[in-house]
Amino acid sequence: MLAILANSTYRHLFAAQIVALLGTGLATVALGLLAYDLSGADAGLVLGMIFTIKMVAYVLIAPIAGAFADRMPRRALLVALDLVRGAAALALPFVSELWQVFALVFVLQSASAAFTPTFQAIIPDILQDESAYTRALSLSRLAYDLENIISPTLAAMLLLVVSYDLLFAGTALGFVASALLVVSVTLPRPAQGGGTGEVSQPRRGIYDRTTRGLRIFLATPRLRGLLALTLAASAGGAMVLVNSVVLVQAGPGIGLGFGESGVAWALAAFGGGSMLAALLLPPVLDRLPDRLVMLAAAGWIVCVLSGFAVLLSAVGLGWVMLLVAWALVGLGYSTVLTPSGRLLRRSSHAEDRPAVFAAQFALSHLCWLVAYPLAGALMTVFGAQAALLTLATIALAATIAAARLWLRDDPEHVTHTHPDLPVSHPHLRGGAHGAHSHAYVIDDLHRRWPRNAAYE
């Protein structure tokens, strides 16, 4: 897997991702402490608002940013967004009102909503071999999981010698380091034309550009299936991320009555399962189709959640049981989400890739926006068993929907016709009666998925 780091451009971008993630992790810890300083006992409510603002920014801003990302120099755009994030982080220690916190968080997360899908869309242009790209996706997943473990640890060590205000300075330094690493490489320009026979891309209106990624995403069967699978993964992940603190720290009858370190260990078990999946996936995806692997992983999440509910009823909550269950959920979670970049790459032309990645970014966080509050409300009102079984039911329904939406026979090349085009059209390349075959993606000449296509 580490062999792909021999590519210097990817190596610098991966390093930029790591330092930016570490900075973001420090900000997460610091925001919790800032919220407590400003609101005391209401800090939980304030943090809930902050996370909601984050999700709203991701859902609203990502499609707009993706619509214009291909019209701007990508390196300059990424550097500018890193600097905006750094400036917002530096300003946070100086606020005295909650509305100022909310405003700065919205600015920071809006910049992240533009940065992340643009960054993700560049990697397939750098690593054009699918095997190398698969390993890059697994490496990226590992980086996210390691950040969940390293950032809180680093923050705890720093807080022994500095105040939490300086954690925001560490966040800003992470974004500045990310910007410098991006500046250090030359990024490839996306190819134009996408193989559709068009000489140049038409000028598009604001509405067309803003919704293009979403329209491509929702018109592609495998991506509709991916959206359903993302909901299944969110159901499992939300149970872990939202309710671990209750299951670990609450008293008898609800939780285990452990301290704060127990929460860290529970989340580490989830991250460990996710990391294991990221390490094992590349050779698996070399041999098995994405659809089979991802559907099996979503089914795995359903089984783990429902099985954990049954064990809770039979023998009660146990520490080892919780750790094992969360590790198994993490294994399924990462297996569902890691291959998603392969599907996005396969389903879009290079010039549309930023918009499609942005659509996935927005829609996946919409799933989280549903799953987060639902997991918390179910746990609070009905208890752990009801939360587990309800979320397992949602994951099951999403998995069944994905199996129906994502065509079983889903090769890259599709033989189809264009009854609306003359045989002489450049796109047809002289195909008899317009019948021809190529890697099929939704674009200006292919606005719908063919219903009666012949697959090669």
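Tutor: Contact means heavy atoms within 4.5 Å. Keep that in mind for this predicted model. Among contacts in the chain with a separation of 6 or more, 81% join residues 24 or more positions apart.

Student: How many helices and strands does the chain have?

Tutor: There are 14 helices and three strands. The chain runs to 456 residues, and 52% of them count as buried.

Student: How do I read a helix pair? What is the angle between α10 and α11?

Tutor: Start with direction: angles over 145 degrees count as roughly antiparallel. Helix α10, residues 290-315, packs on helix α11, residues 319-337, at about 165°. Their axes are 8 Å apart. So α10 and α11 are roughly antiparallel to each other. Their crossing is left-handed.

Student: Which residues make the contact of α10 with α11?

Tutor: On α10, they include Val293, Trp300, Ile301, Phe308 and Val315. On α11, Met321, Leu322, Trp326, Gly332 and Thr335 are among them. The residues of this contact divide into 20 nonpolar, two polar and no charged.

Student: What span does α10 cover, and what is expected?

Tutor: Compare the end-to-end C-alpha distance with the expected rise. α10 has 26 residues and reaches 37 Å from first C-alpha to last. That is close to the 38 Å expected at 1.5 Å a residue.

Student: What phi does glycine 316 take, just after α10?

Tutor: A positive one, about 85°.

Student: Now the other partner. At what angle do α8 and α11 cross?

Tutor: Roughly 155°, with the axes of α8 (residues 221-249) and α11 coming within 9 Å. α8 and α11 are therefore roughly antiparallel to each other. This crossing is left-handed. From α8, the contact includes Leu229, Gly236, Gly237, Met239 and Ser244. From α11, it includes Trp319, Trp326, Tyr333 and Leu337. The residues divide into 13 nonpolar, four polar and no charged.

Student: One single residue to finish. Where is proline 124, and is it buried or exposed?

Tutor: Check the relative accessible area: under 20% means buried. Proline 124 lies in helix α4, residues 98-126. Its relative accessible area is 2%, so proline 124 is buried.

Student: Which residues does proline 124 touch, beyond those up to four places away in sequence?

Tutor: Tyr133, Arg345, Arg353 and Phe357. For a backbone distance, take alanine 136, twelve residues from proline 124 along the chain. The C-alpha atoms of these two are separated by 9.3 Å.

Technical notes
Residues are numbered from 1 along each chain as its sequence is written. This is a predicted model: local features need pLDDT of at least 70, side-chain atom pairs count only at pLDDT 80 or more; totals for chains, interfaces and linings use all residues. Side-chain values use heavy atoms; hydrogens and water are left out. Axes are lines fitted to C-alpha atoms, for helices over the stretch in contact, and angles run from 0 to 180 degrees between N-to-C directions. Helices (H or I, at least four residues) and strands (E, at least two) are DSSP runs, numbered from the N terminus. Angles under 35 degrees count as roughly parallel, over 145 as roughly antiparallel, 65 to 115 as roughly perpendicular and the rest as oblique. A crossing is left-handed if the near helix is turned anticlockwise from the far one by less than a right angle, and right-handed if clockwise. Ala, Val, Leu, Ile, Met, Phe, Trp, Tyr, Cys and Pro count as nonpolar, Asp, Glu, Lys and Arg as charged, and the others, Gly among them, as polar. The expected span of a helix is 1.5 Å times one less than its number of residues. Buried means under 20% relative accessible area, exposed over 50%, partly exposed in between (1.4 Å probe, protein chains only).
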